Amino acid sequence: MTDRPALSVRNLSVSYDTPEGRLRALRGVSFDVQKGEIAGLVGESGCGKSTLMQTILGLLGGAAAIESGEIWLGDTDLLTLNRRQMRRLLGDRLSAVFQDPMKSLNPVLTIGRQMTDIQFRRKASRADKRARAIEMLDKVQIPDPAKRLDQYPHEFSGGMRQRVAIAMALMAEPDLLIADEPTTALDATLEIRTIELLRELQEEIGCAVLFITHHLGVVAELCDRINIMYAGELVEHGGTRAIFDAPQHPYTELLFACDPAQIKERSRALPTIPGTVPGLIDVPPGCVFAPRCPKRFAPCDSLHPRPVASGGSDLVLCHLRDPKVPA
Ligand SMILES: Nc1ncnc2c1ncn2[C@@H]1O[C@H](COP(=O)(O)OP(=O)(O)OP(=O)(O)O)[C@@H](O)[C@H]1O
Ligand SMILES: [Mg+2]
């Protein structure tokens with residue numbers, strides 16, 4: 001055992017080959033998720049969250065290319081593994097929950113069959129594996145779990161399916177669970193309950209979690225640390241409390257100001273961040289957020305900011321926070 005983080009992403013750049021040219025979806029992304037920690041990953045649509053997840057899971061399509069970087073799961077450099085080695089790791093040391101639970105479940109097999117199959121590495125009898133499956137269904141509060149085991153995914157509600165998917169992902173007791181918007185399709189009550197369940201199971205198993213979401217309230221509730229992405233770059237990361245108390249990047253500040261949960265009930269229109277995410281085929285040379293930034297100043301249009309620590313944040317990509325850049 002070493003003290004390496006559960007996940008360490010180093011200088012990761014990924015692009016997609018498109019008819020318009022090379023789309024640079026991730027550029028120089030570095031962050032860690034420590035063992036036993038829940039880390040949030042937030043950012044507007046199109047900022048590269050799913051690309052990052054697919055890269056870690058080895059599920060990028062043919063149009064994508066990893067241009068540089070390393071992804072370490074503990075002591076294992078994932079980008080050096082072949083397909084077979086990667087497949088063996090999935091569902092064992094690394095597992096995933098997707099927005100659509102049917103991506104994790106097989107529609108033609110009963111839930112029970114899937115939940116026993118996933119225990120293929122355990123040396124236990126069929127009856128033991130079945131008992132473990134019942135125990136897990138019970139933990140994620142599926143009523144009458146023994147009977148439910150013989151049913152197919154379509155016989156479950158969407159919320160139940162997602163809870164089954166979470167149970168299955170955690171059954172393997174992975175080192176790292178990656179969840180991409182697992183609660184977005186659920187109603188508010190069920191979302192809260194599912195988050196609570198996820199946290200309970202995570203504490204019991206002690207795995208690390210990378211939790212991808214648009215929902216800042218969920219991050220505040222669930223995550224120890226938070227990573228903010230914008231247009232393919234990691235622009236801020238640090239402890240959740242520190243960043244919520246005093247965001248250091250103007251983008252983080254605006255993201256929080258536009259969070260529907262922060263808005264007073266009487267205001268009519270939801271505020272949004274003016275402007276749009278830039279195209280990622282011709283990425284501007286300076287700060288990628290500069291065109292939308294209310295605090296933009298001289299160096300922002302031409303000079304790319306370097307990562308610095310600032311306030312309670314471990315990393316901020318903003319000239320305003322860099323003591324070497326004159327105001
Ligand atoms: N298969 C693909 N081919 C070409 N471009 C892609 C492909 N997948 C994603 N992209 C582009 O890469 C960028 C990042 O997309 P990604 O899906 O990772 O964003 P996201 O943060 O997950 O967004 P959302 O919140 O909407 O799920 C976007 O500009 C997107 O258009
Ligand atoms: Mg996505």
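**Around ligand 1 and into the core**

Q: How far does a backbone N or O atom of Cys47 lie from an oxygen atom of ligand 1?
A: A polar contact here is a pair of N or O atoms within 3.5 Å (inside the protein, one must be able to donate a hydrogen and the other to accept it, and sequence neighbours count only if both atoms are side-chain atoms). The Cys47 backbone atom and the ligand 1 oxygen are separated by 3.2 Å.

Q: What kind of model is this?
A: Residues are numbered from 1 along each chain as written, while chains are lettered from A and ligands numbered from 1 in written order. Local features need pLDDT of at least 70 and side-chain atom pairs 80 or more, though totals for chains, interfaces and linings use all residues, side-chain values use heavy atoms without hydrogens or water, and the model is predicted.

Q: Which residue has a side-chain N or O atom 3.3 Å from an oxygen atom of ligand 1?
A: Gly46 comes in through its backbone instead, with a polar atom 2.8 Å from a ligand oxygen. The side chain at 3.3 Å belongs to His214.

Q: How much of the area that ligand 1 exposes when taken alone does the protein buries?
A: Areas come from the Shrake-Rupley method with a 1.4 Å probe. On its own, ligand 1 exposes 640 Å². The protein's cut of that is 63%.

Q: Which element gives the largest share of the shell around ligand 1?
A: The shell has 13 residues (each with a heavy atom within 4 Å of the ligand). They split into four nonpolar, seven polar and two charged. The largest share, three residues, comes from α1.

Q: Which helix gives the most to the largest nonpolar core?
A: This core (buried Ala, Val, Leu, Ile, Met, Phe, Trp, Tyr and Cys joined through side-chain atoms within 4.5 Å) has 56 residues, and Met115, Val164, Leu170, Phe211 and Tyr251 touch the most other members. Eight of its residues come from one helix (a DSSP H or I run of at least four residues), namely α6.

Q: Why does Val308 count as buried?
A: Val308 sits in strand β11 (strands are DSSP E runs of at least two residues). Buried means under 20% relative accessible area, exposed over 50%, and partly exposed in between, with a 1.4 Å probe and protein chains only. Val308 counts as buried because its relative accessibility is 8%.

Q: Is Glu155 buried or partly exposed?
A: Glu155 lies in the loop between α5 and α6. At 36% relative accessibility, Glu155 counts as partly exposed.

Methods: Ala, Val, Leu, Ile, Met, Phe, Trp, Tyr, Cys and Pro count as nonpolar, Asp, Glu, Lys and Arg as charged, and the others, Gly among them, as polar.
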